[in-house]
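User: Please take a close look at a single part of this model and tell me, step by step, what can be read from it. I am new to structures, so a careful, connected explanation would help me most.

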Amino acid sequence: MSLKSERRGIHVDQSELLCKKGCGYYGNPAWQGFCSKCWREEYHKARQKQIQEDWELAERLQREEEEAYASSHSTQGAQSLTFSKFEEKKTNEKTRKVITVKKFFSASSRTGTKKVLTGKLREIQDVRTPSPSINRQVSIETDRASKEFIEFLKTYQKPGQDIYKQCKIFLEAMHQKRELSIEEQSECAQDFYQNVAEKLQIRWKVSPEKVEKAMDHIEKYVMTRLYKYVFCPETTEDEKKDLVVQKRIRALHWVTPQMLCVPVNEEIPEVSEMVVKAITGIIEMDSKRVPRDKLACITQCSKHIFNAIKITKNEPASADDFLPTFIYIVLKGNPPRLQSNIQYITRFCNPSRLMTGEDGYYFTNLCCAVAFIEKLDAQSLNLSQEDFDRYMSGQTSPRKQEPENWSPDMCLGVKQMYKNLDLLSQLNERQERIVSEAKKLEKDLIDWTDGIAKEVQDIVEKYPLEIKPKNQPLAAIDSENVENDKLPPPLQPQVYAG
Amino acid sequence: MAAAGSGAGGGGRSFSFKVVLLGEGCVGKTSLVLRYCENKFNDKHITTLQASFLTKKLNIGGKRVNLAIWDTAGQERFHALGPIYYRDSNGAILVYDVTDEDSFQKVKNWVKELRKMLGNEICLCIVGNKIDLEKERHVSVQEAETYAESVGAKHYHTSAKQNKGIEELFLDLCKRMIETAQVDEKARGNGSGQSGTARRGVQIIDDEPQAQSSGGCCSSG
């Protein structure tokens, strides 16, 4: 009986092995329980449905796109469509090949021009599927940037035309320099900013305020186009540094506001709301393409921090308050691609903004925060080295409270977790004790064998084995038989007559 | 080119200066700038949200000056970040508390560091704050002034509470920075014929090795 049930545990019921459709053949988990024939049928059906859906989606999107472009700018829209199509084809070389094969089939199976056309549309749609929204946004964003730029330049009349020409030349030059190191490209961009500003001021006699405004627009126009090539380029170690910082911040998850002396009380609802907004702001930085927009995100984040400090302390925040809070926000938010963003801003932002403006101040603080996080040690958090090491290794958490301090409304799960943590640390302790005792035992055993060996050795040395001549003991046997005389005489054989 | 640039501007030339505010916590850095920019002290009606970055527009002898005052975190743990803050600054205000000998020692450290990193390009002001607490003074006037002179800095006595000496401090600093900038410009103008705006660009290119050296300082400290 017991043997039978055991066997059952291993074996699967006969019916489960068969095709789910009940055709009598065996099924296969790889085909979701169908046999090969039924699977092919099922798959084909699903595939047909998918194709149908895709088709509809493609048509719908195409209609929307056409409407959107028709409403904005007819010629430009068409142009950018072909451009974006070209771009996507270039980037998705592999996908395209697959699609072409598919298209080949679909064209042969379907007839009628309309169907071929929609098939083609679907192809475009398919090519886009890896990141449809991003690609679309990019092209629209670039488009909008240039349109705004042209609109803006109209207000500058003649200098405007000159600016446009110079931007075009610069973009062309940057295209040629794509192979060069990022530092050289950055220098090229800085030279460009400087030359344009100078020219506006000296040749066209534009007022400083207007120059500044123009520079902002130029930066936006130029960098929207260049972003793709100069943000976190493969030739640099930016990405590696990003990962290092990200990992570092993750490892520091345990840092509390108290350790950093952050003058912000998150228990006040408004303050915690500000903290959340600040974190959102700093994370949003990565999504912007123009250095100035990225700076604006940092500034926005800083403003929320100031608000949080103001509500908590009811006085204007000084740098003594601001920097620790900013560090805390960066630690809490762990913004993506932090180093890449900092490098990108340093390399391609209009220098006058970065050096003296308010944005520059907050950007500097961000650099400081990152530098602080990278170098952070026990001393900078007023912790002992042991505590710091223990927190870093995750052995314990500073947020952990003793059971007697638990507030009654504390989450049950958290309580359970702390209990488990305690249990684990106890187990860990015991484990360590056992290991150390086992080591001791091992050492004792080794010592013991060594001791015995030594004792034996000593004895052997003390009483060396002497082998005496062989015949000597034999003679001695006889000689030692002193009492032989006392023995009765040997029996004599007696002869009995007959 | 340079002569034409400044000539065209004439009396209406404008300067932008970056001034860093250094000093230990609690010496009254914030009070000092708030008094200067808002003319308020420990006031509940201070309109500004923050006192870490403040600007002030001045007109000195027909020259327009845009002053950007950068406050720095004074806690010891942030000391190593100093170079990131003060690079490219035209002036530094080093504040100590006249009742606190330690804070004066800190100022000495800052001066050493600034001179090492930025040379003589930067205008230094050493400021003894809280002179309203004269009775509790622990740093002698004589000592502070001799020291300031020995390192090529100017010494000022201020009280943010009583609004003493602050206006003079900033005005004096601005004048000195304008002088330095003009001397600098002349030297550059004679040399390479670049105009005032070019200076900034040149500074940016200089920026790279500077950033590296500051990094080195951080790692050693």
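Analyst: **A loop residue, then a sheet and its helices**

A:Asn334 sits in the loop that links α14 to α15 (338-348) of chain A, and everything said about it here comes from a predicted model. Its phi is positive, about 45°, even though the residue is not a glycine. As background, most residues other than glycine have a negative phi. A:Asn334 is also buried, because its relative accessible area is 18% and the cut-off for buried is under 20%.

The helix that A:Asn334 follows is α14(A), which covers residues 319-333. At 1.5 Å a residue, its 15 residues should span 21 Å, and the end C-alpha atoms are 20 Å apart, so the expected and computed values agree. This helix is mostly covered, with 14 of its 15 residues buried.

Chain B offers another case to set beside this one, namely B:Asn163, which is not a glycine and has a positive phi near 55°. This residue lies in the loop between β6 and α6 (166-192) of chain B. With a relative accessible area of 36%, B:Asn163 is partly exposed, whereas A:Asn334 is buried.

The strand before that loop leads into a sheet. Six strands of chain B form an open sheet with mixed pairing, in the order β2-β3-β1-β4-β5-β6. Its edges are β2 (53-60) and β6 (154-157) of chain B, each of which pairs on one side only. On average, neighbouring strands in the sheet are turned by 25° against each other, direction ignored. At the β6(B) edge, strand β5 (residues 123-129) of chain B runs parallel to β6(B) and is joined to it by four bridges; B:Ile126 stands opposite B:His155 in β6(B).

Across part of this sheet lies helix α4 (residues 101-118) of chain B, which passes over β1 (14-22), β4 (91-97) and β5 of chain B and runs at about 160° to β4(B). Two packed helices are described by the angle between their axes and the distance between the axes. For α4(B) and helix α5 (residues 141-150) of chain B, the axes come within 12 Å and cross at roughly 5°, which means that α4(B) is roughly parallel to α5(B). In their contact, B:Glu101, B:Phe104, B:Lys108 and B:Val111 of α4(B) meet B:Glu143, B:Ala144 and B:Tyr147 of α5(B). Sorted by class, this contact holds four nonpolar and three charged residues, with no polar ones.

How values were computed. Residues are numbered from 1 along each chain as its sequence is written. Chains are lettered from A and ligands numbered from 1 in the order in which they are written. This is a predicted model: local features need pLDDT of at least 70, side-chain atom pairs count only at pLDDT 80 or more; totals for chains, interfaces and linings use all residues. Side-chain values use heavy atoms; hydrogens and water are left out. Two strands pair if DSSP finds at least two bridges between them. Helices (H or I, at least four residues) and strands (E, at least two) are DSSP runs, numbered from the N terminus. Axes are lines fitted to C-alpha atoms, for helices over the stretch in contact, and angles run from 0 to 180 degrees between N-to-C directions. Contact means heavy atoms within 4.5 Å. The expected span of a helix is 1.5 Å times one less than its number of residues. Buried means under 20% relative accessible area, exposed over 50%, partly exposed in between (1.4 Å probe, protein chains only). Angles under 35 degrees count as roughly parallel, over 145 as roughly antiparallel, 65 to 115 as roughly perpendicular and the rest as oblique. Ala, Val, Leu, Ile, Met, Phe, Trp, Tyr, Cys and Pro count as nonpolar, Asp, Glu, Lys and Arg as charged, and the others, Gly among them, as polar.
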